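User: I have just opened this structure and would like to learn how to read it. Could we go through it one feature at a time, with the general idea ahead of each case?

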Amino acid sequence: MSELYQTITEGSVRDLVNKFYRQVRSDEKLAPIFDAAIGTTDDKWEQHLEKIAMFWSGIMLGIKGFEGNPLQAHKALPAFDGCLFSRWLAIFANTAIETHGIDAATSFIRKAVSIADMMSRDLYDNPVMAPSMPELPANMKYSRTTPPFQAANIPDALRRAHRTAKNVHGRIVMTKGRLLYTIGKVQCHVLSRDNCGIIEPESLHFVTPLDDVEFVVEFYKDPLLSSSQGKSSS
Ligand code: HEM
């Protein structure tokens, strides 16, 4: 893995933007929307990447130069499923943590969530919508609960992509604030006191504090499966 950027610079923004759109261009659900609006040639995409790098340099570094109108640009697109914002964010959040150190990545992710929320409210009268949360099967047996985590003491291992063990379900229970829960590169959920996150066995996931959070993770095991499979790694 190449070294992570600890500070945000024009170069790190450009790297993130290039890597993010490389994945978007091969994503089965997002690529058709972008290709229809931008085109499929590298030339057209170069112009888009240049524009988006200016956008993020403006947002993160205050550098002037972006002259577009994102709300208008998205309004002008043919209607698309509102849950795609959750997918867009999942790819973005993964790219941020794959390219940047935790603090810098968190700054990118917080900005992206707040802009996506604003766009989603504008287009759908709703904050970012997500596909339904996985469910905790009824037969699971409670195993243990972590100590409470606050923004300052969330282990980096939980803030980078990691997996639960076989046979272990997790439930993220919020007592304060909002936490972004990213599952694979396909969905993101904004968790809050009213909205727990369910982690399925072996699911690749990570969390990002969006503000002054406090939460615990409860673990559950399937009593019918062997206990040797039941060690949690989340
Ligand atoms: C499902 C989510 C999204 C989809 C499908 C989407 C799609 C697109 C497409 C197709 C364009 C090109 C429009 C054109 O040139 O005609 C575009 C432009 C843009 N997008 Fe998104 N987008 C999404 C979310 C976001 C989010 C969350 C952000 C920011 C955090 C963002 C930032 C931008 C910007 C800055 C532009 C350029 C706007 C301009 O030309 O003025 N997009 N988007």
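Analyst: Let us begin with the word "near": a residue is near a molecule or strand if one of its heavy atoms lies within 4 Å of it. Here 22 residues surround the ligand, and Phe34, Lys51, Gly68, Asn69 and His74 come nearest. Please keep in mind that this is a predicted model, where local features need pLDDT of at least 70 and side-chain atom pairs count only at pLDDT 80 or more, while totals for chains, interfaces and linings use all residues. Residues are numbered from 1 along each chain as its sequence is written, and side-chain values use heavy atoms, with hydrogens and water left out.

User: Which kinds of residue make up the shell around the ligand?

Analyst: We sort by residue name: Ala, Val, Leu, Ile, Met, Phe, Trp, Tyr, Cys and Pro count as nonpolar, Asp, Glu, Lys and Arg as charged, and the others, Gly among them, as polar. In this shell, 17 residues are nonpolar, 4 are polar and 1 is charged.

User: How do I read polar contacts, and what does Lys51 offer to the ligand?

Analyst: A polar contact is a pair of N or O atoms within 3.5 Å; within protein, one must be able to donate a hydrogen and the other to accept it, and residues adjacent in sequence count only if both atoms are side-chain atoms. Lys51 places a polar side-chain atom 2.7 Å from an oxygen atom of the ligand. Asn69 uses its backbone instead, with an N or O atom 2.7 Å from a ligand oxygen atom. For His74, a side-chain N or O atom is 2.8 Å from a nitrogen atom of the ligand.

User: Which elements give two or more residues to that shell?

Analyst: Elements are DSSP runs numbered from the N terminus: helices (H or I) have at least four residues, strands (E) at least two. The contributors of two or more residues are helix H2 (31-38), helix H3 (42-61), helix H4 (70-75), helix H5 (84-99) and helix H6 (102-124). H3 gives the most, with 5 residues.

User: How many donors from the protein does the iron atom of the ligand have?

Analyst: Donors are N, O and S atoms within 2.8 Å of the metal (3.2 Å for Na, K and Ca); water is not among the atoms, so sites may look incomplete. The iron atom has a single protein donor, NE2 of His74, at 2.0 Å. His74 belongs to helix H4.

User: Now accessibility, please. Is His189 buried or exposed?

Analyst: Buried means under 20% relative accessible area, exposed over 50%, and partly exposed in between (1.4 Å probe, protein chains only). His189 has a relative accessible area of 5%, so His189 is buried. This residue lies in strand E6 (residues 187-191), and a polar contact of 2.5 Å links its side chain to that of Gln187.

User: What about Gly62: buried or exposed?

Analyst: Gly62 counts as exposed because its relative accessibility is 53%. You will find Gly62 in the loop between H3 and H4. In H3 itself sits Ser57, which is buried because its relative accessible area is 4%.

User: How do I read phi, and what is the value for Asn167?

Analyst: Most residues other than glycine have a negative phi, and most peptide bonds are trans. Asn167 has a positive phi, near 70°, and is not a glycine. Its place is the loop between strand E3 (162-163) and strand E4 (168-176), and with 7% relative accessibility Asn167 counts as buried. Glu202, also not a glycine, has a positive phi of about 60°. Glu202 lies in the loop between strand E7 (197-199) and strand E8 (204-209), and counts as partly exposed because its relative accessibility is 41%.

User: Last one: how far apart in space are Lys166 and Lys221?

Analyst: Here we set separation along the chain beside distance in space. Lys166 and Lys221 are 55 residues apart in sequence, and their C-alpha atoms are 9.2 Å apart. Lys166 is in the loop between E3 and E4. For Arg171 and Lys19, the sequence separation is 152 residues and the C-alpha distance is 31 Å. Arg171 is in strand E4.
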